[in-house]
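Please keep the sequence and the model side by side while reading. The paragraphs below lead from one chain to the contact between chains, and then into a sheet and a helix.

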Amino acid sequence: MPTAFKLTTAKGLKSEIYVPWTPKPVWTPLTKPLSECKVAFITSGGIHKKDQTPFNTAGDWSYREIPSDTPSDQLMVTHGGFDNSDINKDVNAMLPIDRLRELVKEGFIGSLVPTFFGFMGGGGNVDKFEHVTGPEIAKKLKAEGADIVLATGGCGTCHRSCTLVLRCCEAAGMSTCIIAALPPIARQQGAPRITAPLVPIGSNAGEPNNPTMQMGILKDTLNAMEEFDHFGQMKALPYEYRHNV
Amino acid sequence: MSLSKETLEAHLNDPAVLCCRRPAGTVLSAADFEDPTIFPDLVDSNLMTLKEGGLTIQQALGATLINDGEALTQLTPDLLDGVKEAPAEEPEEADEEAAPADEEPCSCYAAPAPAPAAPASDGYVHLHLDKAEGLDLVFPAGGAPVAGAPVPPACAAAPAPAPEEPAPADKVMRTLVKKDYPVTKVELGDATSYADGVLTIDESLVEAAKKADPLVKDVELKIIEPSERHVYSNTIMDVIPIAAKAEGKLGEGVTNVLSGAVFVLTGMDEAGVQVHEFGSCEGYMDEKIRYGRPGCPDADDIMIRVDVKIQEGTGMERRGPFAAHSAADVIVHSCREAIKDLDGVKPVKEETFKDVRRAGRPRVVLVKEIMGQGAMHDNLLVPTEPCGVKGGQKNVDLGNVPVVLSPNEVLDGGIHALACIGPATKEITRHFFREPMVEALQTDEELDLTGVVFIGSPQVNDEKTFVSERLGALIEAMEVDGAIVTTEGFGNNHIDFSENIAAIGSRGVPVVGVTFAAYQGQLVVGNKYMDAMIELNKDPEGFENEILADNTTTPEDAARAILMLKTKMAGIPIEPPEHKWDEAVIEANKKLVK
């Protein structure tokens, strides 16, 4: 600045445009038709196989590898951040593994990666998810040839942990989308793509034992991924489910 | 989502809301509270309601949950044991509120806001401004013999005396004179000529225009009088002034300009597809143009419409729109030739533009983001003739990297815009010829305008990062004290916009951002440097309304942006925005401009 000068100023000026503060954009465009895409699913909603070590509900940045052909009745939830009753009724409410297999059978998507990933994002050590868990999951999914990574968060911090991992996947060259029960958090944390059905925390992928809704949410999410052409876009999905716990 | 210990401090007086399900007996700490910065979003999405009578985070901190609590539950006294009493109102601290800043726009000497000036032994006063995102200002202690001499506060009621030594002389780098010649009638004839206010256009040029490019399949020329504007038209691709160099090169010397008539380029392809991308303004010309905007025809202008039909399917390829512009330029150029030498004709008006470097004034730069994503998203930089096509460098081919033009080069038609983004938000060729932000900055005697930087918005994400980082390096090398960043359009170019602002702001340079956002163009990305923003929307509903240039920069917008920049440079806080587009904020800001 020069030493002395005159500036006409005003007190009380207000910024005219609301600006969300998001991390730097990461973006991998989706270049294949859905029917040729290999799809992965990850969830920070605390899903794991019944024979795997449960998550530490006080905070845990480890992850569980879930083979994508695991029967849904062999999966369970360990998560203290939300009411578990919906997932106990039907794990597809958080990890829609049966619906994904049906999508392949239908030819809507090409195939599934061999391995899905479950972790417990509650509490959520930001540094570990961003620099350890995220890059590890991204590397494994890339090696398995994933084109698309879909995800559900669980609670609020879960949405953050989930978004951190998705951003690593996007940076590693996969197109990602979070199906968000709490879209404002996904957006604030810099999710590359967001779809938002009106669902409660704990059944982020749709009402339990309602395959029609679960399928609709997945298909609409995949279709939205073809429409999204830049970072940070969000689409509200026309599904509503309320759960009075 | 929980708060960290650091963010907790900033939100002690915000409502306390559980971030996640918490069991009875939980003693509440930072990690249990939802982040208040996203409350408005949560409320808007019906994920949460905020009632009266809730506790603040400070009150709830350390209290114990009586029952299990679900995520996003607002905490009230009945849910907790051991709630702290509300603290007594803290006395106003002597912060910037107490500074003797005038309520009305005021003049002030020396920028820094009142902040503890730390005496230093290096002959400079070092100031740190808490409210300016870590901006550190370093400047000599006003010639005082003692380092650390008192610094006049910003906006002092009685301005500090100006320095004794006379201000250094302004340095005029170049002068441009635009001479206006009136057009009262446009007609078709055997040869192009201009005499006695009559512009005659050689009819055979239509055939020549068809040969301008193999992709051009048909060209039609129509003269539209101001009184006969209810004419159907294909989408308007551009508005092109008739201006020719009479002396000197672009940006200096003399430019002859015809006032009262302007070219309008419209187009579609052979299959009947309008040559547009996001939004199209085909329709009746009296309804689809915001007459009087810098980019548009004025109320009394005769429109010379060149309607071009291009090869089927090429409208969304770079070569298609370029062919249409080349065809129109054949006709426009013949008019330029006719007005190059008007010796002996008296202009009705002469406007003088000076590129002035004003030593001793804060150095500022204007950064204009332009489209560079192929198809019609291209711009020709510095053509040979004002607003021309020939000689212009395509910013897509330049890789969208930042290119500096002098203010006069811009105002002398240094940008021929091919950009065909949404009609209401696109900056077309005439816009640049009378760019209100450039005109206002160039004549502002309080500022030293260093130049106008054009930076493209590339299609590929890593290219976006590349050009933004080059902009940052350029800004650093220019050593400016302030910057205004504008963008046309909205959507994915807002990613570049936010990165460009961050590239400048992160270098400690105060920056103001100018764009259309409103309802339809709400920003999806952003950062902390985007805290001083000017809204270009003019549509009552906040939409890209497909009326040509409606939501582009006007002189009023430019005045607000410049006032906001000066205020930010002076260290006076810009209040944070409302959570949603609110016309009242813009109206209130307008009143602060004198």
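Two residues are taken to be in contact if their C-beta atoms, placed from the backbone, lie within 7 Å. What is shown is a predicted model, in which local features need pLDDT of at least 70 and side-chain atom pairs count only at pLDDT 80 or more, while totals for chains, interfaces and linings use all residues. Residues are numbered from 1 along each chain as its sequence is written, and chains are lettered from A and ligands numbered from 1 in the order in which they are written.

In chain A, among the contacts with a separation of 6 or more, 79% join residues that are 24 or more positions apart. The chain contains six helices and eleven strands, where helices (H or I, at least four residues) and strands (E, at least two) are DSSP runs numbered from the N terminus. Its radius of gyration, taken over C-alpha atoms, is 19 Å, close to the 18 Å given for 245 residues by the globule rule (2.2 Å times the number of residues to the power 0.38), so chain A is as compact as a globular protein of that length. Along the principal axes, the C-alpha trace of chain A spans about 75 × 40 × 35 Å. Of its 245 residues, 60% count as buried, a residue being buried if 20 or more other C-beta atoms lie within 10 Å of its own, exposed if 12 or fewer, and partly exposed in between.

Chain B has twelve helices and 28 strands, and buried residues make up 54% of its 594 residues. Where the chains meet, 72 residues of chain B are in contact with 47 residues of chain A. Among the elements of chain B that each supply at least two residues to this side are helix 2 (39-44), strand 28 (533-535), helix 11 (555-569) and helix 12 (583-592). The residues on the side of chain B that touches chain A comprise 43 nonpolar, 13 polar and 16 charged; here Ala, Val, Leu, Ile, Met, Phe, Trp, Tyr, Cys and Pro count as nonpolar, Asp, Glu, Lys and Arg as charged, and the others, Gly among them, as polar.

Within chain B, six strands form an open sheet of mixed pairing in the order 23-25-20-26-27-28, two strands being paired if DSSP finds at least two bridges between them. Strand 23 (403-405) and strand 28 of chain B are the edge strands, each pairing on one side only. Strand 20 (363-371) and strand 25 (448-457) of chain B run parallel over nine bridges, and one of the partnerships links B:L366 with B:V452 in strand 25. Helix 10 (493-505) of chain B packs on the sheet, and its direction makes about 175 degrees with that of strand 26 (482-487) of chain B; such angles run from 0 to 180 degrees between N-to-C directions, with axes fitted to C-alpha atoms, for helices over the stretch in contact. Helix 11 of chain B also packs on the sheet, touching strand 20, strand 26, strand 27 and strand 28 of chain B.

Which residues of helix 8 (436-443) of chain B are buried? They are B:M437, B:V438, B:L441 and B:Q442. Seen down the axis of helix 8 of chain B, these residues fall within an arc of 125 degrees, so they line one face of the helix; the arc is that of the directions from the helix axis to the C-beta atoms. Their cover includes strand 20, strand 25 and helix 11 of chain B.
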